[in-house]
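Colleague: Could you show me how to read a few features of a model like this one, step by step?

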Amino acid sequence: EGERYVLVSHAPDSDSWWNTIKNGLALGGEQMGVTVEYRNPPTGDLADMARIIEQAAASAPDGIITTLADFDVLSGPIRNAVDSGIEVIIINSGTPAQAREVGAMMYVGQPEYDAGFAAGQRAAGDGVGSFLCVNHYIAQPASTERCQGFADGLGVPLGNQMIDSGQDPSEIQNRVMAYLNANPDTDAVLTLGPTSADPTILALDQMGLAGDIYFGTFDLGGDIVQAISDGVIQWGIDQQPFLQAYLPVVVLTNYHRFGVLPGNNINSGPGFVTADALGLVADLAGEYR
Amino acid sequence: MTTEPIIEMRNIEKHFGAVIALNGVSFDIRPGECHCLLGDNGAGKSTFIKTMAGVHKPTGGEILFGGKAMHFDSPRDAMEAGIATVYQDLAMIPLMSVTRNFWMGREPIRKVGPFKFMDFKAANDVTMSEMRKMGINLRSPNQAVGTLSGGERQTVAIARAVHFGAKVLILDEPTSALGVRQTANVLSTIDRVRKTGIGIVFITHNVRHAMAVGDRFTVLNRGKTLGTAARGEITPEALQDLMAGGQEMAALEGSLGGTV
Amino acid sequence: MTTEPIIEMRNIEKHFGAVIALNGVSFDIRPGECHCLLGDNGAGKSTFIKTMAGVHKPTGGEILFGGKAMHFDSPRDAMEAGIATVYQDLAMIPLMSVTRNFWMGREPIRKVGPFKFMDFKAANDVTMSEMRKMGINLRSPNQAVGTLSGGERQTVAIARAVHFGAKVLILDEPTSALGVRQTANVLSTIDRVRKTGIGIVFITHNVRHAMAVGDRFTVLNRGKTLGTAARGEITPEALQDLMAGGQEMAALEGSLGGTV
Amino acid sequence: MSNPDATVDERIKETSKLRKALIRPELGAIVGTIAVFAFFIIFAGDSGMFNAQGVLNWSTVSAQFMIIAVGACMLMIAGEFDLSVGSMIGFAGMSIAIISVTLGWPIWVAIILTFVLCIAIGALNGIIVVRTGLPSFIVTLAFLFILRGFTIFFPQLIERRTIIGGISEAAEGDWLAPLFGGKVGGGFFIWLGDLGVIEVFSRGTRAGQPVVDGIPMLIIWALGLVAIAHIILTRTQFGNWIFAAGGDAQAARYVGVPVNRVKIQMFMFTAFCACVFATCQVIEFGSAGADRGLLKEFEAIIAVVIGGALLTGGYGSVIGAALGALIFGVVQQGLFFAGVESSLFRVFLGVILLFAVILNTYIRRIITGER
Amino acid sequence: MSNPDATVDERIKETSKLRKALIRPELGAIVGTIAVFAFFIIFAGDSGMFNAQGVLNWSTVSAQFMIIAVGACMLMIAGEFDLSVGSMIGFAGMSIAIISVTLGWPIWVAIILTFVLCIAIGALNGIIVVRTGLPSFIVTLAFLFILRGFTIFFPQLIERRTIIGGISEAAEGDWLAPLFGGKVGGGFFIWLGDLGVIEVFSRGTRAGQPVVDGIPMLIIWALGLVAIAHIILTRTQFGNWIFAAGGDAQAARYVGVPVNRVKIQMFMFTAFCACVFATCQVIEFGSAGADRGLLKEFEAIIAVVIGGALLTGGYGSVIGAALGALIFGVVQQGLFFAGVESSLFRVFLGVILLFAVILNTYIRRIITGER
Ligand SMILES: Nc1ncnc2c1ncn2[C@@H]1O[C@H](COP(=O)(O)OP(=O)(O)OP(=O)(O)O)[C@@H](O)[C@H]1O
Ligand SMILES: Nc1ncnc2c1ncn2[C@@H]1O[C@H](COP(=O)(O)OP(=O)(O)OP(=O)(O)O)[C@@H](O)[C@H]1O
Ligand SMILES: [Mg+2]
Ligand SMILES: [Mg+2]
């Protein structure tokens, strides 16, 4: 009773996708009757994140839930936390193997490269041969892995098909339009989250390509769900962030209270959300989905 | 000189935090006269005329304008009342054109429907002609003030004050950085302006410049008046002594042959 | 005055882009004399002495120092050679302490092993005593220059030049912003310094200040010399005329009673 | 002794008439604009950059920059600058979203309240700067952090998320929203499309419609603001005061220019421009995010400086700033059209900034007699 | 007529001795530090913030800020500032990574080459500023974009990703790397751990060892740089030149201070500090990312300004800047310990900045007789 868990993410303050994580975390804490805290580096600097993990460890919580956005940077602090008796669960980024290596209890998430690869294969099956990857956060390694995985899944070189779109919606929109104007034979568009997907939807709408061009995206959001049901987006890869925050809280609490532990890692994604299976997703997108 | 004073300042005090800059100064200025304000560095001359011009609010004392008590809340108020000032640090903006500087704060307005525009044509014409009256031929009214010489800038400032129909014109050390010719120019301008009935307050460290145009002389020392004398009542040497506070002057003067 | 000149400047020319600031000026300065440099605004006086002090490189002409041709690449070189300058714009940094200003560019060094530190104790002592010699009692050598008066700052600058054993001391309009007492102070300082055998170049617009201490007088006009006269060879009035370029002076002088 | 012809100074060498005619604050920006267009016409002429859609593309981006550049330009001429513009954009968008979506008030109320709020914050910035005499760099840097902090904090506190959507629905049928998010001239473009002057969509849901279906209000706002600011600056009394406040605040104060008021008003105008930017964006995209407007303050300052304004105030031109914004937008989009690796955009931007500013300094020195 | 006692001016009211003794550039930062520690001892005293691990945590963060603040402080006193510090950090890290991992050269070669490269870029910054007379704000803003652009472009071009790892392996056994990434005083901490003064790991391969196993070189670098910079600034000839260059470049030049050289050297020193920061980070974490160092330039400037330096140069204190960095680090980490919503950190930061700078301005005016 009264355990304290800290979730550390690599996302900058302003990244909206992480709300679902925060909400899942809060709900988990409430239901299990434990204290939960969310921490993140304000600018998304991974080196700052390492300090936050150290600092979370110093405050002696019962468990730390963290992403493993860069193994090199974060493995040291995580290992220290593990060795000083704090249970750690890796979520969202990194791989199960890396999680084991740092001594974490388990891994809950979606390996980014694999997810991209699976999406690429699916698109290849749908007859896609070239694509545009709209990368709104190019400095983040996971984002590049998604694009790379997609390209490898398609079996084409990534080349210049990934653009650094920036984070301003109007710039994203216009850059997508510029790219598609300059490369009219592009078969598909891949976006990496609501930040890039929402303006891309508008861009395609402007160009009259909405519904015409093959469009897939990572991570869900309100507009994305709407676009899926409108048939503009073929599929969204849902890694179910809610689970990534909620399950570790449940697992940790039960482990601390009763010593029970699932026997394996949990893959929260990739799940392809298509127009056929929207239902609840539409209502809760951006909050719990 | 029995006319009524335009401005009368009575017992003005001004404190800046711990510094007492003025400690009870009285002064008045009448139409058509040139009243010289003299005194050591830091005596409080600039502070005093800034009080007169509405830049500082006096800590104590009163200002009578045309016989009535006045409170200037801003330099604008003082300007509206007819007090124009040419400051020691020139009050010209080098990056701006002569016309814009000339009219700064009192731009001529031309109405187009409900909109008010600045009337550049009129502004330019007046600037050129006023400058010509002062003996300066501008290349163009759009010339930046930064391209003018020090004497020319001084003249622009005086010309604008005169043009705006000042009743009192305050000049803070207008000649200190000027050459002989430019100085003579400024002094004769003062003389010309005085003859139009405007009262002039002229601050200088140079007794000869003061004697050349002054009708009355007031000496400040450490924030207090040492007294006011009319032209003819005082010799240049006496004035000089008074300005220096009488200290050590004998010795210095001796060694330098009395030529300072 | 038959001693050899310390510095001789021959036919100096200086162009700034399209502006010809100096157009062949010759000038020399001998030990123990005060050579006054006079002239209108923009005549090129400041430019000329900056050339002498190594700030500007002359476009043409030559500089002889102790009879040998010299090229100063920087103010530092000129200082090392014994030319100290007090600039019109004071060359003091208000935010820094008096000691730091006094020693700026020539800090006393104390070695501790391989490391060189600035010797603050010595620096402070010298500063205090040099300032006392000039008649100024500082509260503390760490006082910021910004808290000193204009005359005091001027004196710091002169004191430092003298202390560093200058052979030639150049003063660019040191008296223009000063009151009578401060001016007398600076002039008597010049007189004192001259008597130690240092050559002084003194720039001013004020003929009386020049006549008070000058041994020779050179007048510049529009980048050219109008000639050099020794003390006694020329009356103040003739000098005045020369400085103003002779133009319109008769008329002006008349209307102002010849007192400028 | 001196030259008898007093009007000609023999010490000034001659300068050509042509050079004199060309020498104006905007010259650097004009040269830059020509160079940039020439460059892209050569290297991206056939990439669709200059067809109707392409033109609209970079015009929209440039218009965005222009809106904030106008505010930054006026403020910079008045001698201050505002680093909180970017945070203000995020803050304003979020404010509209919270008021309209969370509180459920009509969108016009949300827009008006947000404008009032932002302008008040601009005034606060200005009052602090003017009262304390602190450099605006520091004061507005503080507000950069404070506003961004609140922009992230409030929606999280209230809505448990940092992106709030659903504004499009709220804006439907509103009388004020189209002023920011609409398009004008639709009929004209359909006519052009029918004439074949501009292309029509060949596939997709809108096949047969013209590729450009109107001019976004964003562009209208940008042009309007540029025009008004230019007229105010060059043709009115207030414009003269703005120059005076930035050129030498003390001198201006002495001749009766209400310098403090002018500066505070310019801070308010900058906030107004940021708010216009934010409102257009929110209405167009239908959502507000806590990360909107990041680094926009720098982009505004860069556009203004490319446009020939002096960082220390008292000198500059709105037209120049607008051209600076145009250069910025064209380069940014043009590199995509030209197929240059997009991360190199930043490198280009830096280099252009350096060259522009060196050219501008040279021009300014000729005009103002500075040394 | 005047007061006969000339040394006492009757026009100056008295000031208390105590006030005089307290009045120094660092006063604001000292007061701030005390206030911040008092605050967190009260509100986060039992949260682990002041146990060995916690102290190490905020010390490390503060040390990071200190390293760049020292450079920024010296440069600011010399009258310039550098907005490219953050980009330089990213660039330096990436340079080490590319040379050591991609090219496979020894890490000490990579470190030395990177230092040479960064210092050269710093010099270039300085040379452009000094030669063109442009404000350093603009020049370094251009380099902010240029360096960040290359930092993203090169790794993408070469390795097709924006993060390069594997530096730890490359650094193993190297002679130079421990100077940046190592720890000192291990024995002492083991002894403390054995005594039970600090906690020990309870499990894993390192069970029984103390949780804090040494002081990171980062902290040593920070303290060393602060000490050296402080001595140079206050006790040497060169220090006097730095103050002079920033106080009034023209005046300094006239008395023979080589102002241009001093300024360029300060730009180089700033680049050096950024490079130390980057190297420590890269060696400690084993990877370089294109996003490292974002916004660090502002953080450095904020620390320096909190520390009492004047934005326009000629006045400041390295000790003050170090305390500013300490305040910054303690507040940033302390708010986490105190459990405050992390987005509010920025709000706190902005407010602290405003108050600190107002206090500092007041103190400075008393010292320097400014008005
Ligand atoms: N704003 C201010 N704050 C504090 N002290 C001031 C202020 N303005 C002037 N003083 C002080 O008031 C005193 C009078 O200064 P003032 O400038 O009036 O002298 P002045 O007679 O004009 O001297 P000068 O001949 O050098 O121009 C000086 O001691 C000065 O330091
Ligand atoms: N750095 C410069 N660049 C261009 N022109 C200059 C420069 N310095 C001086 N000048 C010009 O050279 C001429 C001589 O200037 P200088 O300052 O030497 O005159 P001065 O005799 O000292 O005048 P004053 O009595 O006003 O001090 C002037 O026309 C001035 O505008
Ligand atoms: Mg004065
Ligand atoms: Mg001069």
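Modeller: Let us begin with burial, keeping in mind that this model is predicted. A residue is called buried when its relative accessible area is under 20%, and C:E173, with a relative accessible area of 7%, is therefore buried. C:E173 is found in the loop between β9 (168-172) and α6 (180-195) of chain C, and its phi is near 45°, a positive value in a residue other than glycine.

Colleague: Is A:Q240 buried, exposed or partly exposed, and what is its relative accessible area?

Modeller: A:Q240 has a relative accessible area of 27%, so it counts as partly exposed. A:Q240 also has a positive phi, near 50°, and is a residue other than glycine; A:Q240 lies in the loop between β10 (235-238) and α10 (241-258) of chain A.

Colleague: How many bridges join strand β7 to strand β8 in chain C?

Modeller: In a regular strand the side chains alternate between the two faces of the sheet. Here, strand β7 (residues 109-112) of chain C and strand β8 (residues 115-118) of chain C run antiparallel and are joined by four bridges, and C:R110 has C:F117 in β8(C) as its bridge partner. With two residues between them, β7(C) and β8(C) form a hairpin, and C:G113 in the turn has a positive phi of about 60°.

Colleague: How should I read an interface, and what area do chain E and chain A bury between them?

Modeller: The size of an interface is often given as the accessible area lost when the parts come together. Chain E and chain A bury about 3500 Å² between them, with 46% of it on carbon and sulfur atoms. In chain E, the residues that lose the most area to chain A are E:R203, E:F285 and E:F336, which together account for 20% of what that side buries. Contacts link 45 residues of chain E with 39 residues of chain A.

Colleague: How many salt bridges are there between chain E and chain A?

Modeller: The count between chain E and chain A is three salt bridges, and A:D70 and E:R292 meet through their side chains in a salt bridge, at 3.7 Å from N to O.

Colleague: And what does the interface of chain B and chain D look like, in buried area and in salt bridges?

Modeller: Chain B and chain D bury about 2200 Å² between them, 62% of it on carbon and sulfur atoms. The side of chain B that touches chain D divides into 17 nonpolar, four polar and eight charged residues, while the rule finds zero salt bridges across this interface. Between chain B and chain D, eight residue pairs are in polar contact.

Notes: Residues numbered from 1 in each chain as written. Chains lettered and ligands numbered in written order. Predicted model: local features only at pLDDT ≥ 70, side-chain atom pairs only at ≥ 80, totals over all residues. Heavy atoms only, no water. Pairing = 2+ DSSP bridges. Buried area = accessible area lost by both parts, 1.4 Å probe. Salt bridge = Lys/Arg side-chain N within 4 Å of Asp/Glu carboxyl O. Polar contact = N/O pair within 3.5 Å; in protein donor to acceptor, adjacent residues only side chain to side chain. Nonpolar A, V, L, I, M, F, W, Y, C, P; charged D, E, K, R; others polar. Buried < 20%, exposed > 50% of the residue type's maximum accessible area, 1.4 Å probe, protein only. Contact = heavy atoms within 4.5 Å.
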